[in-house]
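Grab your viewer and work through these exercises with the fold in front of you. Try each one before reading on.

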Amino acid sequence: MDQLFFYAFSIVILVSALLCVTARNAVHSAIFLIGTLLGVAGLYLHLNAEFLAGVQVILYVGGIMVLFLFVIMLVNIDQTLKEAVFSAQWKIGLVGVLLLGVELAWFISKGTGLPDQAPVHAAPVAGALGNVQQVGDVLFQSYLLPFEIASILLLVAMVGAVVMAKKRI
């Protein structure tokens, strides 16, 4: 049953990602990206990472994708369709894709193959901390300084966005 869920979520992710890239309409592309992100959240749930699944849905699907949709709606798509989309950068992109393909083939060739049996999920230990509590403990004990620096950077970015938007009004 575990493999069935894994393959189902994987198919949802792959199909949604492919449709996201190939869709001609930007809004449809964003909707397919939401499907991809929800599939990833499903994989997180399947791996018993409830906190990551919740963050994936709330932050990325709920917050970031709403911002993407607002930007798509605000950008004048008719004018951008008239402009050259792929100027001379396709050569650089092709080189990057080839390098990534060679690197991926090298890593696959160096792999040890699949394990003989599927990993067994560990049973929860009585009295152990929950998943969210473990993440919180690690975040606020071991990574408190980077967490605070990230929060200050986000605050500065938010204030900068408000200042830039106020100049346009």
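**Exercise 1. Work out whether M65 is buried or exposed, and find what surrounds it.**

Step 1: Bear in mind that this is a predicted model. The relative accessible area of M65 comes to 1%. The cut-off for buried is under 20%, so M65 counts as buried.

Step 2: Place the residue. M65 belongs to helix α3, which covers residues 50-74.

Step 3: List the neighbours. Leaving aside residues up to four places away in sequence, M65 touches A30, L33, I34, L37 and Y60.

Step 4: Take one of those partners, L33. M65 and L33 sit 32 residues apart in sequence, yet their C-alpha atoms are 8.2 Å apart in space.

**Exercise 2. Describe how α1 and α2 pack: at what angle, and with their axes how far apart?**

Step 1: Know what to look for. Packed helices are described by the angle between their axes and the distance between the axes.

Step 2: Fill in the values. Helix α1 (residues 2-22) and helix α2 (residues 26-46) pack at about 160°, and their axes are 8 Å apart.

Step 3: Turn the angle into a word. Angles over 145 degrees count as roughly antiparallel, so that is the label for α1 and α2.

Step 4: Add the handedness. The crossing of α1 past α2 is left-handed.

Step 5: Look at who meets whom. The α1 side of the contact includes F5, F9, V12 and I13, while the α2 side includes F32, L33, G39 and V40. L33 is also on the list of residues that M65 touches.

**Exercise 3. How many aromatic pairs does the structure hold? Pick out two and describe them.**

Step 1: Count. The structure holds three.

Step 2: Start with F6 and Y7, whose ring centres are 5.5 Å apart with 65° between the planes, making the pair edge-to-face. F6 is partly exposed at 39% relative accessibility, and Y7 is partly exposed as well, at 48%.

Step 3: Move on to W106 and F107, another edge-to-face pair, at 5.0 Å centre to centre and 70° between the planes. W106 has a relative accessible area of 46%, so call it partly exposed.

**Exercise 4. What span does α5 reach, and why does it lie largely in the open?**

Step 1: Helix α5 takes in residues 90-110, 21 residues in total. From first C-alpha to last, α5 reaches 30 Å, close to the 30 Å expected at 1.5 Å a residue.

Step 2: Check burial. Of the 21 residues of α5, the number buried is zero, and that is why α5 lies largely in the open.

Key:
Residues numbered from 1 in each chain as written. Predicted model: local features only at pLDDT ≥ 70, side-chain atom pairs only at ≥ 80, totals over all residues. Heavy atoms only, no water. Helix = DSSP H or I, 4+ residues; strand = E, 2+ residues; numbered from the N terminus. Expected span 1.5 Å × (residues − 1). Buried < 20%, exposed > 50% of the residue type's maximum accessible area, 1.4 Å probe, protein only. Phe/Tyr/Trp six-rings, centres within 6.5 Å; stacked < 30°, edge-to-face > 60°. Contact = heavy atoms within 4.5 Å. Axes fitted to C-alpha atoms, helices over the stretch in contact; angles between N-to-C directions. Parallel < 35°, antiparallel > 145°, perpendicular 65-115°, else oblique. Left-handed = near helix turned anticlockwise from the far one by under 90°.
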